[in-house]
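Trainee: I should like to request a close look at a single part of this protein. Please treat it in one connected account.

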Amino acid sequence: MKENASNRRKFLQDASLLSSLAFMPSIHSPIKDGTSLFVPKVQEKIIAPRLKFGVIGINHGHIYTMANSIIRGGGEFVSYYAKEPDLIKEFAKKYPTAKLVKSEAEILGDPSIQLVLSSITPVERAPLGIRVMKSGKDYMVDKPGITTLEQLAEVRKVQKETKRIYSISYSERFENKATEKASQLAQTGIIGKVVQTLGTGPHRMSIPSRPSWFFDKKYYGGIITDIGSHQVDQFLHFTKSTQGEVVASQVANHKYPQYPNFEDFGDLMLRGNGGSGYIRVDWFTPDGLNTWGDGRLTILGTEGYMEVRKNTDIASPHGTGSHLYLVTNKETLYIDCKNVELPHGELLVNDVLNRTETAMTQDHCFLATELALIAQKQATKISAKS
């Protein structure tokens with residue numbers, strides 16, 4: 001009996017130890033720093049100006065990254081038009097050689113300008129783009145580049161007629177270095193075939209800095225139309241989907257009843273001919289975070305996966321920046337992406353000059369917008385009682 005009791009105690013102790021080990025992190029597969037393997041130390045190339053561009057509307061700060069991208073790619077910033085004195089003051093400091101003109105017509109009528117950029121109020125972006133294309137110029141606009149399905153239909157019609165470029169700046173892919181590196185690696189097949197993406201886009205409200213139109217979806221289209229379009233673009237890109245459908249979507253205003261036409265939460269499921277996707281976007285980034293949003297993208301492949309931590313890495317000492325984790329059948333790697341080059345501006349300048357589609361195809365641009373608009377329109381509204 002004593003021997004049986006002793007064996008029983010030993011069995012329970014061993015079982016308890018194994019149970020505790022199951023919840024401990026693995027110590028035989030440490031995360032290695034793979035930065036030197038995938039991010040060569042190269043000096044940023046300088047491209048001489050190859051085309052002239054102008055700006056109409058500077059109502060969102062994304063216009064700075066958009067203009068900088070085109071300048072890096074070989075664009076010469078000639079002139080801009082905006083109505084808001086406070087916004088003009090800061091913009092002029094950043095681009096002192098660009099000329100402030102008195103009207104939109106001065107830019108549209110300038111035959112030397114081939115490309116127009118804009119971050120005007122969202123509801124005005126599509127009508128402006130139509131005027132730009134009809135003037136014989138190409139157009140790159142901040143997201144959301146189109147706020148309704150009716151606008152999309154008209155933009156498609158005019159783009160087909162004019163054969164001008166209507167490009168939407170999906171900056172969470174084009175202007176995020178870790179997302180760019182993930183794109184490059186996915187193309188090599190290092191994680192096999194991509195079958196699913198999981199994208200999250202949390203943002204900080206920063207209410208005092210927001211204009212009045214920010215709180216009314218009549219002007220910005222709704223949370224999925226707006227910040228959700230970033231993740232729809234990435235879903236299509238990484239799964240290589242050329243067709244897609246919205247499986248389900250929902251939106252809510254959980255926290256801000258003082259703004260009844262505002263949405264602070266949205267999520268959706270997508271199915272494409274190359275894979276599937278889940279997206280969640282919100283305005284709940286707490287003030288204690290060291291950046292405006294802990295945006296992440298997980299790219300699931302048949303032979304591994306990648307996780308992009310776009311703005312910060314709160315679980316490690318890496319801190320703010322653009323980080324990428326790569327997991328394969330052989331190892332787990334961390335890649336610091338701060339030195340990754342961003343090619344989008346150069347590619348778009350090439351497309352304007354050569355009438356090509358290397359930066360983004362027109363079909364992809366419109367499909368990403370269409371899916372976001374459909375998801376927004378069909379979304380179930382979550383009420384406080386739900």
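Which elements do the buried residues of α7 pack against?

Mentor: The structure is a predicted model, and what follows should be read in that light. The buried residues of α7 pack against three elements, namely α6 (122-134), β7 (166-169) and α14 (362-378).

Let us begin with the helix itself. Helix α7 covers residues 149-162, which is 14 residues; at 1.5 Å a residue these should span 20 Å, and the end C-alpha atoms are indeed 20 Å apart, in agreement with that expectation. The residues of α7 that count as buried are Gln151, Leu152, Val155, Val158 and Gln159. Viewed down the axis of α7, these buried residues fall within an arc of 135°, so they line one face of the helix. The face turned away from that buried side carries the exposed residues Glu150, Lys160 and Glu161. Just after the helix, Lys163 takes a positive phi of about 60°.

One of the buried residues, Gln159, deserves separate attention. Gln159 has its place in helix α7, and its relative accessible area is 16%. Because the cut-off for buried is under 20%, Gln159 counts as buried at that value. With neighbours within four places in sequence left aside, Gln159 is in contact with Met133, Arg164, Tyr166, Gln362 and Phe366. These contacts can be set beside the packing partners of the buried residues of α7, which are α6 (122-134), β7 (166-169) and α14 (362-378).

The next topic is the nonpolar core. The largest such core has 53 residues, and those with the most contacts inside it are Ile146, Val155, Tyr166, Val232 and Phe262. Helix α14 gives the most to this core, with 8 residues. Val155 is also one of the buried residues of α7, and α14 is one of the elements against which those buried residues pack. As for Val232, its contacts, apart from neighbours within four places in sequence, are Leu268, Leu270, Ile279, Ala368, Leu371 and Ala372. Apart from the largest core lies another, of 23 residues, among them Ala67, Ile88, Phe91 and Val352. Val352 is also listed among the buried residues of helix α13 (residues 344-354), together with His344, Gly345, Leu348, Val349, Asn350 and Asp351. Just after α13, Arg355 takes a positive phi of about 60°.

The contacts of Val232 lead to the sheet. Ten strands, in the order β1-β15-β14-β13-β12-β8-β11-β10-β9-β16, form an open sheet with mixed pairing. The edges are held by β1 (32-33) and β16 (380-382), each with a single partner strand, so one side of each is left without a neighbour in the sheet. Within the sheet, β10 (residues 265-272) and β11 (residues 276-282) pair in the antiparallel sense over 7 bridges, and a hairpin joins β10 to β11 through 3 residues. Bridge partners in β11 include Val281 for Gly266 and Ile279 for Leu268; Leu268 and Ile279 are among the contacts of Val232 as well. Strand β8 (residues 194-202) runs parallel to β11 and is joined to it by 7 bridges. There, Leu198 stands opposite Tyr278 in β11.

Aromatic residues complete the account. One aromatic cluster is formed by Phe214, Phe215, Tyr220, Tyr256, Tyr259, Phe262 and Trp283; of these, Phe262 is also listed among the residues with the most contacts inside the largest core. Across the whole structure, a search finds 19 aromatic pairs. One of them joins Phe77 and Tyr95 in an edge-to-face arrangement, with 5.3 Å centre to centre and 70° between the planes. This pair links distant parts of the chain, 18 residues apart: Phe77 belongs to strand β3 (residues 75-81), and Tyr95 to the loop between α4 (85-94) and β4 (99-100). Phe77 counts as buried at 8% relative accessibility, and Tyr95 is buried with a relative accessible area of 6%. A tilted pair is formed by Tyr325 and Tyr334, at 5.4 Å centre to centre and 55° between the planes. Here Tyr325 counts as buried at 12% relative accessibility, and Tyr334 is buried with a relative accessible area of 5%.

Note on methods:
Residues numbered from 1 in each chain as written. Predicted model: local features only at pLDDT ≥ 70, side-chain atom pairs only at ≥ 80, totals over all residues. Heavy atoms only, no water. Phe/Tyr/Trp six-rings, centres within 6.5 Å; stacked < 30°, edge-to-face > 60°. Helix = DSSP H or I, 4+ residues; strand = E, 2+ residues; numbered from the N terminus. Buried < 20%, exposed > 50% of the residue type's maximum accessible area, 1.4 Å probe, protein only. Expected span 1.5 Å × (residues − 1). Arc of directions from axis to C-beta. Contact = heavy atoms within 4.5 Å. Core = buried A, V, L, I, M, F, W, Y, C linked by side-chain atoms within 4.5 Å. Pairing = 2+ DSSP bridges.
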